[in-house]
Each structure stands twice: as structure tokens, then as C-alpha cells.
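Dear colleague,

I am handing over the structure below, together with an account of what was found in it. Please read the account with the structure open beside you.

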Amino acid sequence: MPELPEVEHAARSLRAWMLGRRVIRAAASPTRILRTQSPRLLAMRLSGRILERVERRGKWLLLGFAPPAGLLLHLGMTGKLVRRRLQEREPYSHVRFVLDDGSVVHLVDPRKFGRATCFRSFEEAARAPEIAALGPDARDAPLTAGLLAERLAGLRRPIKVALLDQRLVAGLGNLHAAEALFRARLGPRRLAGRLGHEELSRLSRAIAETIDFGLKTIEPEGVDGDVEYVEEPGAENPYLVYGKAGEPCSRCGARLHSFAQGGRTTFYCPRCQR
Ligand SMILES: [Zn+2]
């Protein structure tokens, strides 16, 4: 599932492919990705525009065009952006931008949990409630121990559950939250509001390392490489605990465990995560 590193990769790809380029034709399929908007509205708002700005906020992408138009994108569970030649067919493509260099950028999303919403401007997109509600970005804030302490103060929720709440911290998902807690040697059931300063310092460093590792893992060949998610059959699992229940811990050798927490599967080491 796309988390901060995949969305950051998507932002970098979009900048490399589309910044300064004219969208000759924008088109969308009538899917739930558009919510209540029509494919016609997207085509009308974005065709003929030049992409001027791409920003990532948590797991959201904000695009700004000239003359003014805005687009808010979320990759959902299986979304990704790919660039193809004009004549190539792309299965599961729901939004398409035909560019003035003869390439086509597709939003591909087999399960259709993603989102694409048009606005009159970049600024209007940035004011959307989904964006306004986001907490500080897990990569760009930066998320210091002090800021973590502020965000988590008084919370009686397990730290793993708190880290997935985009209103507290934006960008982490199930995979990177588990990885960060392993790196920080913190048990996923620890209460978020009860972590000490030294533990929050470890967590702050661990989140940064986890995201850096995630980015390096999905960007081996620069922005043109397609992202493979760990959940895809046949994809190699380069992570420390995620998806590794039953395997030995790389740090202490104990058997890694998993359990259901907040509706998601949490992976951890019962010996060295305290
Ligand atoms: Zn261990």
C-alpha cells in the first residue's frame, strides 16, 4: 500500500515527467476515484493547462496548473503513477494526461480506493478539509522528539495506532509504523502519551531512517522505475519486521510475532521491542 515513500516517489516522478509541460488532453474514467465529480469536469478543468507545481502532504499529492487549476490525488491502496507512450494501453488507468511531448501519464489503480478531485486552483486544493486536517509531515516537518511529544501528549492509545492517525502525524502507514517502532526498540502496545523523552528521540530518528530506507528501496533506478509494493506476489521483502512473523529477529534472533491491532496486522519482536 502506498505510504509516504511511495507518494514522495510519485511526486518526484510527476515533477520529472510533467513540470512545465502542457496537458494536451486530460481524461478520466467514470469511477469512484472521482467521487461526485464527472470525468467531463476533470477534462474541462485540466486540458490545455501547464503543470507548475507538485507538492506532497502526508500521503496526498497536490498539483497546481496554469492557467489556475488544482488537483488533489490520493493513491489509496493500489494506486500508482506511470508514464507510457501515446499508443500504449494501460490496464486499470483511471486518469490520463496526454502531454505535449507525446507521453501519457496515467493514474493506475486496480482496486480503485484512490482519489482524484479537481479544484479551481492549487490554493483551493490545499485548503481542502482532508489536507487541512493533516498533522505535521513525517518527513518534512521534521518530526523531532519535542514535536512528537507535543502531538502524542496525553494519548492513551497504543503508539502503533497513534502513528497511523494522519491527524497526529501525516504520511506513515502500517508498514513504516511497524518498521519505525522496531528501529526505535519500542513495543507497539506502549501508550503513546507515556513515552519518555529518550524513547521519543529514538522514535524520531527511527521514523527518519525508516522513510529514507523506504525511499532508497523503491527508487533504485530513479524516477522512471515502477514501484513494486511488498504485498504484490513475488515482490521481495526488504523490510526488518513487516510481513516477517515467524522469522528470526535480525537484531536478537527471537521469533518475530504479529497480532491484530486497530484493524491492521502489527509485526514486532517480542524480545527487543519494549
Ligand atoms: Zn529482537
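**Glu-8 and its helix**

Glu-8 is a residue of helix α1. Please bear in mind throughout that this is a predicted model. The relative accessible area of Glu-8 is 7%, and because buried means under 20%, this residue counts as buried. Leaving aside residues up to four places away in sequence, Glu-8 touches Arg-15, Arg-56, Arg-139 and Leu-215.

Helix α1 itself, which spans residues 4–18, lies across β1, β5, β6 and β7 (103–108), and runs at about 25° to β5. The same name comes up again with other strands, since α1 also lies across β2 and β3, where it runs at about 165° to β2.

**The sheet with β1, β6, β7 and β5**

The strands β1-β6-β7-β5, in that order, form an open sheet of 4 strands with antiparallel pairing. Its edges are β1 (23–28) and β5 (80–85), each of which pairs on one side only. On average, and ignoring direction, neighbouring strands of this sheet are turned by 20° against each other.

Within this sheet, 5 bridges hold β1 and strand β6 (residues 93–99) together in the antiparallel sense, and Val-23 stands opposite Leu-99 in β6. Helix α2, covering residues 39–46, packs on the sheet and touches β1 and β6, while its direction makes about 165° with that of β1.

**The sheet with β2, β3, β4 and β8**

A further open sheet of 4 strands follows the order β2-β3-β4-β8, again with antiparallel pairing. Here β2 (50–57) and β8 are the edge strands, and each pairs on one side only. Neighbouring strands of this sheet are likewise turned by 20° against each other on average, direction ignored.

Strand β3 (residues 60–66) runs antiparallel to β4, to which 6 bridges join it, and the two strands form a hairpin with 2 residues between them. Trp-60 stands opposite His-74 in β4. Strand β4 also pairs with strand β8 (residues 115–119), in the antiparallel sense and over 5 bridges. In that pairing, the bridge partner of Gly-70 is Phe-119, that of Leu-71 is Cys-118, and that of His-74 is Arg-115.

How many residues of strand β4 (residues 69–74) are buried? The count is 6 of the 6, so β4 is largely enclosed by the rest of the structure. Both of its faces are covered, with Ala-69, Leu-71 and Leu-73 buried on one side and Gly-70, Leu-72 and His-74 buried on the other. Strand β8 is mostly covered as well, with 5 of its 5 residues buried; Arg-115, Thr-117 and Phe-119 point one way from β8, Ala-116 and Cys-118 point the other way, and all are buried.

**The zinc site**

Which residues coordinate the zinc ion? The SG atoms of Cys-249, Cys-252, Cys-269 and Cys-272 do so, at 2.3 to 2.4 Å. Along the chain, these donors follow the spacing C-x2-C-x16-C-x2-C. The 4 donor atoms subtend angles of 101 to 120° around the zinc ion, and the arrangement is therefore tetrahedral, given that four donors count as tetrahedral if all angles lie between 85 and 135 degrees.

Two of these cysteines can also be described by their accessibility. Cys-269 has a relative accessibility of 0% and so counts as buried, and Cys-272, at 16%, counts as buried too.

**The chain as a whole**

In total, the secondary structure of the chain comes to 8 helices and 10 strands. Its radius of gyration is 20 Å, close to the 19 Å that the globule rule gives for 274 residues, so the chain is as compact as a globular protein of that length. Taken along the principal axes, the C-alpha atoms fill a box of roughly 55 × 40 × 30 Å. Of the 274 residues in the chain, 54% are buried. Among contacts with a separation of 6 or more, 65% are accounted for by residues 24 or more positions apart.

With best wishes

Notes: Residues are numbered from 1 along each chain as its sequence is written. This is a predicted model: local features need pLDDT of at least 70, side-chain atom pairs count only at pLDDT 80 or more; totals for chains, interfaces and linings use all residues. Side-chain values use heavy atoms; hydrogens and water are left out. Two strands pair if DSSP finds at least two bridges between them. Axes are lines fitted to C-alpha atoms, for helices over the stretch in contact, and angles run from 0 to 180 degrees between N-to-C directions. Contact means heavy atoms within 4.5 Å. Donors are N, O and S atoms within 2.8 Å of the metal (3.2 Å for Na, K and Ca); water is not among the atoms, so sites may look incomplete. Four donors count as tetrahedral if all angles lie between 85 and 135 degrees; four count as square planar and six as octahedral if opposite donors are over 155 degrees apart and all others between 65 and 115; anything else is irregular. Buried means under 20% relative accessible area, exposed over 50%, partly exposed in between (1.4 Å probe, protein chains only). The radius of gyration is taken over C-alpha atoms; the globule rule is 2.2 Å times the number of residues to the power 0.38.
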